[in-house]
Structure formats: structure tokens, C-alpha cells
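Trainee: Could we go through this structure together, asking of each label why it applies?
Mentor: Happily; let us have it in front of us.

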Amino acid sequence: MARGGAKRSGAGRGGGRLTWPGGGLDDATAGGRPARPSATVGCGAGPGAPASGGNGATCLTHCDGSDTKAEVPLIMSSIKSFSEPAECGRLEVHLVGGFSDDRQLSQKLTHQLLSEFDKQDDDIHLVTLCVTELNDREENENHFPIIYGIAVNIKTAEIYRASFQDRGPEEQLRAARALAGGPMISIYDAKTEQLRIGPCSWTPFPHVDFWLQQDDKQILESLSTSPLAEPPHFVEHIRSTLMFLKKFPSPENILFPGNKALLYKKNKDGLWEKISPGS
């Protein structure tokens, strides 16, 4: 792929550059989720970039091009606020995702992300780049992503291929907010180790009854930018989310009693449990 407007530069403070890795593209080992041509951004600071432990931080987020200009500064602000005590190390970015889609939406998003990271005041080192044709396979003249999802081991900073059967608490609520056009937010507080969901609101989804009456083929072709590349559960997921939006056209007082967030914390068995705000 083209390397966009990113500058080649050496390490150091003060320049505000996006630094390309000496290892080049051969170091890319992970891909991203392409439900709508997209990219997953892993951003780390400090040696090893763990999420906690006093010597670094890790941020993993999914970008779909809805507001890249606002999302990149939000990512940078989040990672720096958690890693301020670290005096050593560097800011690193791992950019993975998308594929060679017919409309070249993945290419456009990749260029947007590289451009916005390059505009930041900090020195940022691009360590992993596995995007568009680097995450693309061809079958019967159709293009598909090689890898649909990634995860990060926050203890070792390893990025690895992943799929998720359990998508965490309040999956339908979070999916409804995203489908209704909600902006990027962080729902995990690393300092308290809690998930904090909401409160949030949305306007009634337009023509929700019409969409629920459509067959699977129509939903797939109309509500995906890359119908052939979607995972098997895509239509079921969209239909379930539409039903949720119909049931809760205005969620404020129903889903968030007292206009308070829904809080979750993992128990000793590693399972998410709902907790009250005061616990």
C-alpha cells in the first residue's frame, strides 16, 4: 500500500513525527475486523506497554472512519494520561485491519489514520502495519480479510489473532449505541478495573420497522459496505440490534435508572459481575 503522508524520521523528542520501523512491513503479524472496512489501533507507551504496573499503558480501539480526526487525539490523550509517570520508553502504534475492498474504503481509512497520527505533537513510532492488501486474501475473484480480530496481552505486549465468543456485558446496548451513530468512547477504567457503560442516549433509529421486515440478503447488502466479507453472524447481529433499538427508542430512564452508569467488575473467577455505583 502507499505509505500516505507519514514522515520518515529518527527517534527523539520535540519533532512530533510518525516514525517508520526499521523492520518494514515484514514485521506485520496481525489483522483487523472488517465488518465495515476498518482498522484496529493498538497504542502503547513505556517499556513493554502493559496496561498497569506503573511502567506503561496499552490502548486498543476499533476505528471505522466515522470521525478519525477526533478519534486519534482521543486515543493519544487516553494513553498519555495513564502513562504520565513513565519517564522512559516511547509511544508506539500498531495499525492493523481492513482489506482490499472493492470501494477502497480500507485504503482511505488507512491514509486518514496515518495522516492524523502524523499530525500529533508527540514522536510516535509505527511498529506494526498490517492493513489493506497486507491483510487480504482472494478466493474466486473475491477479496476477504485474512484476520478478523486481534487482542493484546497486556503483560507481554504481544499482539495476537483472536476471535470472541463472549463480547462482554451489555453487548446489545453497546451495539445499539454504535449502530445509532454514537462516537468513540472508552468503557473500561484501568485504574478501578471496572467497565462503565453509559449513561447514553440516541434518537429513534429511522425506518426500523422497514429494516426488520427485510430478508437476510437485503440486510447484508444494504447495511454492510463489504457484504461478501462479513462473518457468519453479521446479519443475526444487525437484526438483534435493530430489535433492541425498536424496543428502546429512548433509553435514558429505562436502561439507566437515575441516569447512572452501569458498572461491571470481574470476580475471582474472571467473570464480569454487575455492581452498584457505591460498591
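**Reading the labels**

Mentor: Let us begin with the hairpin of S6 and S7, which has 2 residues between the strands; asparagine 140 there takes a positive phi near 55°. Keep in mind that this is a predicted model.

Trainee: What makes S6 and S7 a pair of strands?

Mentor: Two strands pair if there are at least two bridges between them. Strand S6 (residues 136-139) and strand S7 (residues 142-145) are joined by 4 bridges and run antiparallel, so they meet that cut-off. One example is glutamate 138, whose bridge partner in S7 is histidine 143.

Trainee: Why is glutamate 141 called exposed?

Mentor: Its relative accessible area is 71%, and exposed means over 50%, so the label fits. Glutamate 141 is found in the loop between S6 and S7 and has a positive phi of about 65° although it is not a glycine. Most residues other than glycine have a negative phi.

Trainee: And why is glutamate 170 called partly exposed?

Mentor: Glutamate 170 has a relative accessible area of 24%. Buried would need under 20% and exposed over 50%, so the residue falls in between. Glutamate 170 sits in the loop between strand S9 (158-161) and H3, and has a positive phi of about 55°.

Trainee: How do you know that cysteine 63 forms no disulfide?

Mentor: The closest cysteine sulfur, in cysteine 59, is 8.8 Å from the sulfur of cysteine 63. A disulfide needs the two sulfurs within 2.5 Å, so this distance is too far for a bond. The structure holds 0 disulfides.

Trainee: What makes cysteine 63 and cysteine 130 buried?

Mentor: Cysteine 63 has 0% relative accessibility and cysteine 130 has a relative accessible area of 5%. Buried means under 20%, so both values qualify.

Trainee: Which residues touch the most other members of the largest nonpolar core?

Mentor: They are Leu173, Trp202, Leu242, Phe244 and Leu255, in a core of 22 residues. The elements giving two or more residues to this core are helix H3 (171-179), S11, helix H4 (208-212), helix H6 (234-247) and S12. H6 brings the largest share, 6 residues. Another core, of 19 residues, lies apart from it, with Met76, Ile79, Leu113 and Ile124 among its members.

Trainee: How does the span of H6 compare with the expected one?

Mentor: H6 has 14 residues and reaches 20 Å from its first C-alpha to its last, close to the 20 Å expected at 1.5 Å a residue. Its buried residues include Phe234, Ile238, Leu242 and Leu245. Residues three or four places apart in an α-helix point the same way. What covers the buried residues of H6 includes H3, H4, helix H5 (216-223) and helix H7 (252-255).

Trainee: What makes S10 and S13 edge strands?

Mentor: The open sheet of 4 strands has the order S10-S11-S12-S13, with antiparallel pairing. Strand S10 (188-189) and strand S13 (272-275) each pair on one side only. Between S11 (residues 194-197) and S12 (residues 262-266) there are 4 bridges, and isoleucine 197 stands opposite leucine 262 in S12.

Trainee: Where should I avoid reading the coordinates in detail?

Mentor: Wherever pLDDT is low. Over residues 1-37 the pLDDT is below 50, and over residues 46-54 the pLDDT is below 50 as well. The protein chain averages a pLDDT of 77.

Note on methods
Residues are numbered from 1 along each chain as its sequence is written. This is a predicted model: local features need pLDDT of at least 70, side-chain atom pairs count only at pLDDT 80 or more; totals for chains, interfaces and linings use all residues. Side-chain values use heavy atoms; hydrogens and water are left out. Buried means under 20% relative accessible area, exposed over 50%, partly exposed in between (1.4 Å probe, protein chains only). A nonpolar core is a set of buried Ala, Val, Leu, Ile, Met, Phe, Trp, Tyr and Cys residues joined through side-chain atoms within 4.5 Å. The expected span of a helix is 1.5 Å times one less than its number of residues. Contact means heavy atoms within 4.5 Å. pLDDT is the predictor's confidence in each residue, from 0 to 100.
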